[in-house]
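Reader: I am new to this structure and would be glad of a close look at a single part of it. Could you choose one residue to begin from, explain how it is placed, and then work outward to its surroundings?

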Amino acid sequence: MVDALRKLLLAGLGTLDLTEEKVKAVFNDLVARGEMSEKDAKEVISSWSKRAAEQRGRLQEDVEKAVNRALSAVGIARQTEIDALKAKIDELEAKLGARVVEAAESPEPEA
């Protein structure tokens, strides 16, 4: 399921990239035929590229949210959660190790 969502994201981003190239080609053709000034074409392409980048960012965020919801629904931990747990275990092991050393070094009370 996660793999399918990632493939969907890549397909969406690829479509945006392909469309951006086609838009540039169309406007470059209009400039070559004299139907539009180069300055106007650059402005339109720049504006469209900016909007495409914003859309790309929103699409990526939406897919990431969907993947996170899907992972949570199935009970799969994210890497950040696993890393946090490993850090906590390391911290607890260090504290426990220090206490074991302290206990070994301290003299035993006489009975």
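Author: Let us begin with Ser49, which counts as buried because its relative accessibility is 18%, and the cut-off for that word is under 20%. The model in front of you is a predicted one, and that should be kept in mind for everything that follows. Ser49 has its place in helix α2, and, when its neighbours within four places in sequence are left aside, Ser49 is in contact with Glu20 and Lys24. Helix α1 covers residues 2-32 and helix α2 covers residues 38-74.

Which residues of α2 are buried along with Ser49? They are Ala41, Ile45, Ser49, Ala52, Val63, Val67, Ala70 and Leu71. A general point about helices helps in reading such a list: an α-helix has 3.6 residues a turn, so residues three or four places apart point the same way.

The length of this helix can also be checked. With 37 residues at 1.5 Å a residue, α2 should span 54 Å, and its end C-alpha atoms are 53 Å apart, which agrees. Just after α2 comes Gly75, which takes a positive phi of about 85 degrees.

Two of the buried residues in α2, Ala41 and Ile45, lead on to the nonpolar core. The largest such core has 5 residues in all, and its members are Val23, Phe27, Leu30, Ala41 and Ile45. Both α1 and α2 supply at least two residues of this core, and α1 gives the most to it, with 3 residues. Within this group, Phe27 deserves a separate look: not counting residues up to four places away in sequence, Phe27 touches Met36, Ala41, Val44 and Ile45. Of these partners, Ala41 and Ile45 are members of the core as well.

From the buried residues of α2 we can turn to an exposed one. Lys42 also lies in helix α2, but its relative accessibility is 53%, and therefore Lys42 counts as exposed, the cut-off here being over 50%. What does the side chain of Lys42 pair with? Lys42 forms a salt bridge with Glu38, and the closest N and O atoms of the pair are 3.4 Å apart. Both of these residues lie in helix α2, 4 residues apart, which is about one turn of the helix. Glu38, for its part, counts as partly exposed, because its relative accessibility is 48%. To relate Lys42 to a residue elsewhere in the sequence, one may take Val31: the two are 11 residues apart in sequence, and their C-alpha atoms are 9.8 Å apart in space.

The pair in α2 has a counterpart in helix α3, where the side chains of Lys95 and Glu91 meet in a salt bridge of 3.4 Å from N to O. Lys95 and Glu91 are separated by about one helical turn, because they are 4 residues apart in helix α3. Lys95 is partly exposed, with a relative accessible area of 46%, and Glu91 counts as partly exposed too, at 37%.

Another salt bridge joins Arg33 and Glu35, whose closest N and O atoms are 3.2 Å apart. Glu35 is exposed, since its relative accessible area is 54%. This pair belongs to a network of salt bridges that links Asp29, Arg33 and Glu35. In total the structure holds 6 salt bridges, including those just described.

It remains to set this part within the whole. The secondary structure of the protein comes to 3 helices and 0 strands, so that, by the way helices are numbered from the N terminus, the elements run α-α-α. Of the 111 residues in the protein, 15% are buried, and Ser49 is one of them. Among contacts with a separation of 6 or more, 63% are between residues 24 or more positions apart. The accessible surface comes to about 8,900 Å², and 58% of that surface belongs to carbon and sulfur atoms.

Finally, a word on the predictor's confidence. The mean pLDDT of the protein is 79, and 80% of its residues reach 70 or more. Among the elements, α1 has the lowest mean pLDDT, at 67, whereas helix α3, residues 79-105, has the highest, at 89. This bears on the core described above, since α1 is one of the two helices named as supplying at least two of its residues.

Terms used. Residues are numbered from 1 along each chain as its sequence is written. Side-chain values use heavy atoms; hydrogens and water are left out. A nonpolar core is a set of buried Ala, Val, Leu, Ile, Met, Phe, Trp, Tyr and Cys residues joined through side-chain atoms within 4.5 Å. Buried means under 20% relative accessible area, exposed over 50%, partly exposed in between (1.4 Å probe, protein chains only). Contact means heavy atoms within 4.5 Å. The expected span of a helix is 1.5 Å times one less than its number of residues. pLDDT is the predictor's confidence in each residue, from 0 to 100. Accessible areas come from the Shrake-Rupley method with a 1.4 Å probe; for residues, only the protein chains shown count as cover. A salt bridge is a side-chain nitrogen of Lys or Arg within 4 Å of a carboxyl oxygen of Asp or Glu.
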